[in-house]
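Colleague: Hi! Could you walk me through this one before I head back to the bench?
Modeller: Happy to, let me put it up.

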Amino acid sequence: MKAIRIHEPGDISVMHYEDIDIPQPGVGQVRVRLRAAGVNHRDIWVRRGNFGAFPDPVIPGSDGAGEVDAIGAGVTRWSVGQKVVINPGLSCGACPACLKGDHPACRQFRIFDGTYAEYTVVPEENLVAMPGGLTFAEAASVGIPYVTAEDFLIRANALPGQSLLLWGATGGLGLATLQLAKLRGLRVVAVTRSQSRSEKLRQYGADEVLIYTSGDDLSDAVMSLTHGRGLDIVVDSVGRESFVQSLSSIARGGVLVTVGSTTGGQISFDLGRLFRHRVTLLGAFMGSASILPRIMPLFSRGVLVPVIDNSFPLEQADQAHDQMENHGVFGKLILTM
Ligand SMILES: [Zn+2]
């Protein structure tokens with residue numbers, strides 16, 4: 001089969017399109033003939049080696065959709081030919097966190113890698129039936145962004161009528177957060193660096209759009225928009241460049257969700273602002289395994305809308321990474337195979 005493999009960390013030149021053996025499903029495992037893979041920021045961090053050394057070649061990619069191609073011994077829930085989506089969180093399934101449904105708190109939790117390939121093998125519990133009315137590309141676009149966003153909105157106790165500030169609104173996670181927050185009845189203030197994307201963000205439900213230029217203080221704009229009150233929830237995936245502005249943009253008693261650090265993770269900030277304003281700092285990373293099967297049907301009913309910016313054939317995965325790193329996106333980048 002064809003797959004993208006990375007043998008050592010680096011820039012996009014380390015992504016090699018190779019011929020390798022088709023994997024065999026073991027006990028309790030299912031082999032999926034992938035038709036589409038969703039590209040996530042995580043894939044870039046895997047490629048750069050941010051998650052550690054490379055003892056073996058890595059096939060990146062966590063989100064994917066395709067058809068069941070073969071089943072291993074003991075598999076009861078799936079049969080060959082069924083259309084499926086990969087639910088990419090792996091955990092022990094038996095510890096208190098798993099039993100509670102808080103899978104990312106499992107000490108064995110990790111995110112699946114291996115969808116930049118024609119075939120992959122996953123535990124049968126990591127598959128979700130693909131609802132009708134969706135293309136493979138659309139189904140592959142959902143996974144990590146929607147699971148992550150839905151999980152932190154639940155943990156932040158997001159309520160109808162509350163307000164939410166959304167950094168990085170045009171990315172996959174941003175548009176997932178926007179749609180799920182609107183579904184919950186929140187007022188969303190979206191942040192983008194590009195004036196040209198402002199109207200599209202409104203089409204997907206943004207109530208207000210703030211155009212951010214590096215060096216500006218966004219909290220000034222937030223405070224004038226909210227008559228000095230601030231917003232109930234701030235979702236920050238930007239990190240070093242935005243964190244202090246995020247903290248200054250929160251209403252008293254609000255929640256600061258930190259869900260990434262694309263501009264760096266080392267910061268300093270005034271703890272006084274945190275405790276005097278009774279702000280909750282909430283770290284977000286993936287979500288419960290129960291979320292994807294619950295929300296997938298909302299896409300076939302049109303309640304949620306997959307937003308795809310661009311599709312690339314698998315062999316051009318490096319070009320997809322180049323676009324995500326250097327040219328910006330409005331929605332998801334997809335690989336097809
Ligand atoms: Zn566990």
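Modeller: We can go through the metal site, some salt bridges and a surface patch, and please keep in mind that this is a predicted model.

Colleague: Sure. Which residues coordinate the zinc ion?
Modeller: Cys92, Cys95, Cys98 and Cys106 do, each through SG, at 2.3 to 2.4 Å. Along the chain, the donors follow the spacing C-x2-C-x2-C-x7-C.

Colleague: And what arrangement do the four donor atoms make?
Modeller: A tetrahedral one, because the angles they subtend around the zinc ion are 105 to 116°.

Colleague: Is Cys92 buried, exposed or partly exposed?
Modeller: Cys92 is partly exposed, with a relative accessible area of 32%.

Colleague: Switching to salt bridges, how many are there?
Modeller: The count comes to 15. One of them pairs Asp113 with Arg42, at 2.8 Å from N to O.

Colleague: Where do those two lie?
Modeller: Asp113 is in the loop between β7 and β8, while Arg42 is in helix α1, so the pair ties together parts that are 71 residues apart in sequence. Asp113 is partly exposed at 27% relative accessible area, whereas Arg42 is buried at 13%.

Colleague: What about Glu124, which side chain does it meet?
Modeller: Glu124 meets Arg77 in a salt bridge, at 3.8 Å from N to O. Glu124 is buried, at 7% relative accessible area, but Arg77 is exposed, at 52%.

Colleague: Last one: which residues make the nonpolar surface patch?
Modeller: Val244, Ile267, Phe269, Leu271, Phe275 and Leu281 make it, and it covers about 540 Å². Of these, Leu281 sits in strand β15 and is partly exposed, with a relative accessible area of 40%.

Methods:
Residues numbered from 1 in each chain as written. Predicted model: local features only at pLDDT ≥ 70, side-chain atom pairs only at ≥ 80, totals over all residues. Heavy atoms only, no water. Donors = N, O, S within 2.8 Å, 3.2 Å for Na, K, Ca; no water. Tetrahedral: all angles 85-135°; square planar, octahedral: opposite > 155°, others 65-115°. Buried < 20%, exposed > 50% of the residue type's maximum accessible area, 1.4 Å probe, protein only. Patch = residues over 30% accessible without salt bridge, like charges linked within 9 Å, V, L, I, M, F, W, Y side chains within 5 Å. Areas by Shrake-Rupley, 256 points an atom, 1.4 Å probe, with all protein chains shown as cover. Salt bridge = Lys/Arg side-chain N within 4 Å of Asp/Glu carboxyl O. Helix = DSSP H or I, 4+ residues; strand = E, 2+ residues; numbered from the N terminus.
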